[in-house]
Each structure stands twice: as structure tokens, then as C-alpha cells.
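Work through the exercises below with the structure open. Each one has a task and a solution in steps.

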Amino acid sequence: MKKILISDPTLRDGNHAVKQQLTLEQVAAYAASANAAGVPIVEVGHGNGLGASSLQVGMSLLEDGAMLKAARENLTTSKLGIFLIPGFATINKDLRPALDLGVDVVRVASHCTEADTTQRHIGFARECGKEVYGVLMMSHMAQADILLQECRKMESYGAEGVILMDSAGASLPFEVSEKVKSLVDHLNIAVGYHAHNNLGLAVANSIAAAQAGAVILDGTACGFGAGAGNTPLEILVAVLAKYGYNTGIDLYKMLDAADVARAKLVERTPVISSASLVSGLAGVFSAFSTPVERVAREYNVDPRDILFELGRRKAVAGQEDKIVEIADELARKKSRGTPE
Amino acid sequence: MTQPVSKLKVAILGSGNIGTDLLLKTLRSAYLDCTLFIGRNFNSPGIAKASGMGIRISDRSIDAIINDPSGCDLVFDCTSAADAKRHWPILQQLGKIVVDLTPAKIGKMCIPAVNLHDCLGSQNLNMITCGGQASIPLTHQIGIIHPNAQYMEIVSSIASRSAGPATRLNIDEYVETTEGAIQSFSGCRKAKAILILNPATPCIDMQTTIFAKIDNPDMEKLTVAVNDAVAKVQKYVPGYHLILPPTREGGRVVIMVKVQGRGDYLPAFAGNLDIINCAAIAAAEAFAQSPRKMKQHR
């Protein structure tokens, strides 16, 4: 039976779904249930990772350290994971203090063509003896050969694995297969995949990745995550078992964990709203749909127009300020077009 | 008695992209005369460019200045932070003004639109970062109008192709230096800087967004002050434009500027590199126009 390592960012990506307002009680409750289910890695933090609490991508209710402590206290067998994007988080301000709180697994991310911004952070976490992965976000925006070249850089910095994120939920299964296979064929480290559900393909894309040789998959309880949500972990675990993959996760207890999430974390089970679907089609970072809807109301413009324009301008993760810029332009155009 | 009109003799130390772009900017200046362009290798593209234009060149690095101490009065250091730290005691001893474009953080932080006059008393000027040059003229104004602003944040997006290997490797230093400078100039105790690289083609222009959390912001005063500050910056950075005037959105004040480069040696999309070079030229020209200040440093 082939093994799949599951990494669960419910308490990180899920923060996007509640505008970064997860509470200590929620972090503790879900961490305890994921631990009980035997989820190997529980990732915790602001939706954009360490040091990302900001007006640009949302202020979090809790400080990074508080979230990590609450999770740490409730994990006995599961490893505690963090995520960070250089340009938001720095080693001195964010990574070092987080490691001091007992983090086990570190994921260092960049836009899919900018892996060389992760060199110092990957190196530092490795020197500290942590399990370290490189992450390429928005992987639908680069071809397989470019992704391979960027992953090779992360491998050379010391990453023990690389994860492709379909941050916009924009990929189709055949694209996932091609990109993952190219990495599996040419790298000496583990390959993983992190899907989003904007086009209703999160589970299918995760399976495509596994069949192409990925050995790490991400999923969140009830799909709790940015926009249309992530791969629902309880479904992924069940489907993987049916395909004959071993995750080591107890299905009943995973279902219990999903129930805890549904009762305590999830305000509404993620649905593929118009904005999320358009975000997937336009190839725009999933977490943009919430601020896009807010800004569209404030400027009285169509959120779908904003999303397609963001896609046309190739906005990357973290460029939420472009939403206001584009809404302002659309509103001006509109007022010029309809003289009153 | 009026001062005789003579240009200030400047040397450019470092023949990479920044140094070569600065050279082209000095050639346009009415106040600066580049008397020496220094690299480490006669085969570098920058040295070839300078040589082709009839500029005196050297491949001797800092020794070129040690061996010809009267050849220049001001040195633009465009090497690396480590080299700039080594150069400074030597140049200080020789009585040279140093305009430091590396992240060495030795001298007085200089934002020409804000504190140019105060800088003339210092022998070493630190040009901070591109995001700092683009945002601090505005965050400084916010700090004057709202000394109790709770928080300021600046987000710069730059074209991937304008971020060289050193910028990428030192992204943490960029963030921390910019945050420190924003706090220091605005008086705001909490500041955050974010840097985003965007690989889109055609390359994006540098864009900087300023967010502030302010109780009851005085939007009229902010608008006037921001317009004034933008006009001041435009005097030395022609490609600096306000694209979103102070706006209240989602409980925050938002301001956006765009920086297009002049396209001297660096491509026009590299507004991030252009703005720091434009600021360095503005600082050097201020010294050139103040011979009395120059003498104090001898």
C-alpha cells in the first residue's frame, strides 16, 4: 500500500475563511481532534502565514505566538507546522521566535517563479534541525519546466520536499498530472500538492497528483479555507483509502474532527460562490474573493469584473491592494460612461 | 562674494547596474562631474559603457580613491553592504562625503523630500530602500497631521526582473530596514513593510501602497499634504505618480503611488532602482550647491 503524508492547514488556510479571526479556543479544539485522528501535520497561523497580519491581507485576531502555543499544547503525536512567505515574514522577527515555541515543520513559500527568495529561510530552518519544505504558490501560472527549475533551487537550499499550491483553484487534473510527474521524475525529494476547490476539482486534482507520484497532500476539515475552500480532508482521506493509499489517519476520528470543525470553526461550509468560481476561472488567488466582494460593494462595481481584471493583470498572492486600485478605475470608468 | 560656478567632483564606486545608471544621471546634472568610475574588472559592461563615453575609469576598487585622494569630493558607494562597511573608515579619513546605496546602514537616513537640509551636516548618507524612498515622503506627512496614527504599513510590488540576486537573498533586510525607517520618520511606533515580486510580462511598474490606521483621519488635510509631498518627490523622481489619492476604505486610509524609471541604464520598469538613484543624485546635488557644508567635512 502506497503511503501519503497528509498535511492539514485547517488552522492556517481556514483563517482566510473567517477573516483571520480564529480564536484560541477554536485552535485548541481543532488541534486536539486532529491529533486524536492521527493527522500527521497540523499547520497553524494567519492565512498568509507567519508575520502576515496586516492591512494588506487582513489583521489577525491572535498573534502568531499565541496561536502556536495553543496548538502546541494540544498536539502529542501530530507535528506542529508553520507556513511563511519571505517578503511578509523575516527570520529575526517571525521565524526564530516561532521555532522557539516548538514548531516541528516549516514550509517556506514564494510565488511559483520566485523560489530564490526562500533560500535564507529554508537554510535557517534546516540549520535549526526542522523538517523543511518549499512551496510554490499559484502554480497554475507557470509551465512544468519552470516549476521544475524553481523546485530544483529549493532542493539545493535544503528543502526536504516541495509542494505545488493551486492557490487559485484554477488547475485541471491533466495539468496537475503533468506538472507533478515532471517534478517526481527529476527531483530527489518528496513532491506534494495543495488544491483549492474553485472549479469543484480539489479532490480530483489531489488524486491526480497522487497518481502522478505526489506523496504529500494537503486538505482541511470540511474544506475550511480561502474562497471556495481547500480539499475537504475527511473526503480526501476516504477517497484515498478507496484508491488503496494509506494515510495512517483513522477515518472515524477524522470524521469526528470534521464535526468539531463544523460545530466550532466553520461559519458556513465553503461553497463555490459566483466570486469563487470566477476567481478560479480568472486564475486569481482564492483569498481575494472576500475582499473583492467587500470592495465591489463599496465602489458599486461588479466583483466579477474586478476578478477578471486582476487575472488579466496577473496579480500574485499578497497583491490585495490591486483590488482597490482596480475598483477605483472601474468606478471612474462607469461614472464617465453614464453622465448623470 | 559669489561662489565660482564649478561642478562637484564625484566618484562612483561599483560598476554594476546601479553604478552605471548613476553615471548616466550625473552626466545630465548641472552640479555633478563624474571624475572617476570604479569597478573591479575592465571587462564589466558598466566599465565598458563608461570608457566608451570618455569617463576616467579604474579597476582598482577603493584603491583608486586612496591613490588619488584629490580626484573627487563625494563618493557614491554602490558596492555591497560588506564592502561599504570596509570603505567607510577609509573614505571618512580622506574627508569624502559618502552617499551609500548599499544596505550597510552606516550613515544618516536620507529622504530628499523630507530631510535633505539636515543631511548636509552628515558625512555619510544612507539611502535606505526603494520602498522607503517611495513611501516615507507620504508616511512622514501622515505622521505630522496625525501624530497618534496607530499603525502604518507599506506594500511595494516590483517586477521580478528588477530584483537582482542580492535583493532576493536579502529580502529580510529590505523589510526590516524599511520598517525601521518608516517608524523613525513618521514617529509611528508600529510599522510594517511587505515586498511582493510579480513576474508578469510585460514587466509591471513599481507600485507602493501606504495603509494607515488613524482615528478620525482628516482627509482634506491629508490630501493637500500628500499632493505637496508628491510634487516635492517629482522634482527629483520624474516618474513618481500618485495613482490613488488618500482614500478611506475598509476602516483604513489607503494611498497608492507608482514609480516609473527614467530608463537611463536600467529599464524603465525598474522604478524601484531608479528612485533610489534619483534620491542619491538629489542628495549629491544638495552638497554641490552648499560648498560651505562641503568644507565642514574636510
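The exercises treat a predicted model and go from the contact between chains to domains and then to one pair of helices.

**Exercise 1.** Describe the side of chain A that touches chain B: how many residues take part, which helices supply them, and of what classes are they?

*Solution.*
Step 1. Count the residues on each side: 28 residues of chain A are in contact with 28 residues of chain B.
Step 2. Assign the chain A side to helices. At least two residues each come from α4 (91-100), α5 (119-127), α12 (289-299) and α14 (321-337) of chain A. The largest share, four residues, belongs to α14(A).
Step 3. Sort this side of chain A by class: seven residues are nonpolar, eleven polar and ten charged.

**Exercise 2.** Find the domains of chain B and describe the side of domain 1 that touches domain 2.

*Solution.*
Step 1. Take the bounds. In chain B, domain 1 consists of 8-127 + 277-296, and domain 2 of 130-268.
Step 2. Place the domains: over C-alpha atoms, the centres of domain 1 and domain 2 of chain B are 25 Å apart.
Step 3. Count the contact, which joins 17 residues of domain 1 of chain B to 19 residues of domain 2 of chain B.
Step 4. Look for helices on the domain 1 side. α1 (17-28), α5 (112-119) and α10 (271-288) of chain B each give at least two residues, and α1(B) gives the largest share, five residues.
Step 5. Sort the domain 1 side of chain B by class: eleven nonpolar, three polar and three charged residues.

**Exercise 3.** Do the same for the domains of chain A.

*Solution.*
Step 1. The assignment for chain A is domain 1 (2-264) and domain 2 (274-337).
Step 2. Their centres, taken over C-alpha atoms, are separated by 26 Å.
Step 3. In the contact, 23 residues of domain 1 of chain A meet 16 residues of domain 2 of chain A.
Step 4. The domain 1 side of chain A that touches domain 2 has eleven nonpolar, eleven polar and one charged residues.

**Exercise 4.** Are α7(A) and α8(A) roughly parallel or roughly antiparallel, and why?

*Solution.*
Step 1. Read the geometry: helix α7 (residues 173-186) and helix α8 (residues 202-211) of chain A pack at about 30°, with axes 8 Å apart.
Step 2. Angles under 35 degrees count as roughly parallel, so α7(A) is roughly parallel to α8(A).
Step 3. Add the hand: the crossing of α7(A) and α8(A) is right-handed.
Step 4. List the residues. A:P173, A:V176, A:S177 and A:V180 of α7(A) meet A:A204, A:N205, A:A208, A:A209 and A:Q211 of α8(A). This contact of α7(A) with α8(A) has six nonpolar, three polar and no charged residues.

Note on methods:
Residues numbered from 1 in each chain as written. Chains lettered and ligands numbered in written order. Predicted model: local features only at pLDDT ≥ 70, side-chain atom pairs only at ≥ 80, totals over all residues. Contact = placed C-beta atoms within 7 Å. Nonpolar A, V, L, I, M, F, W, Y, C, P; charged D, E, K, R; others polar. Domains from an automatic or database assignment. Axes fitted to C-alpha atoms, helices over the stretch in contact; angles between N-to-C directions. Parallel < 35°, antiparallel > 145°, perpendicular 65-115°, else oblique. Left-handed = near helix turned anticlockwise from the far one by under 90°.
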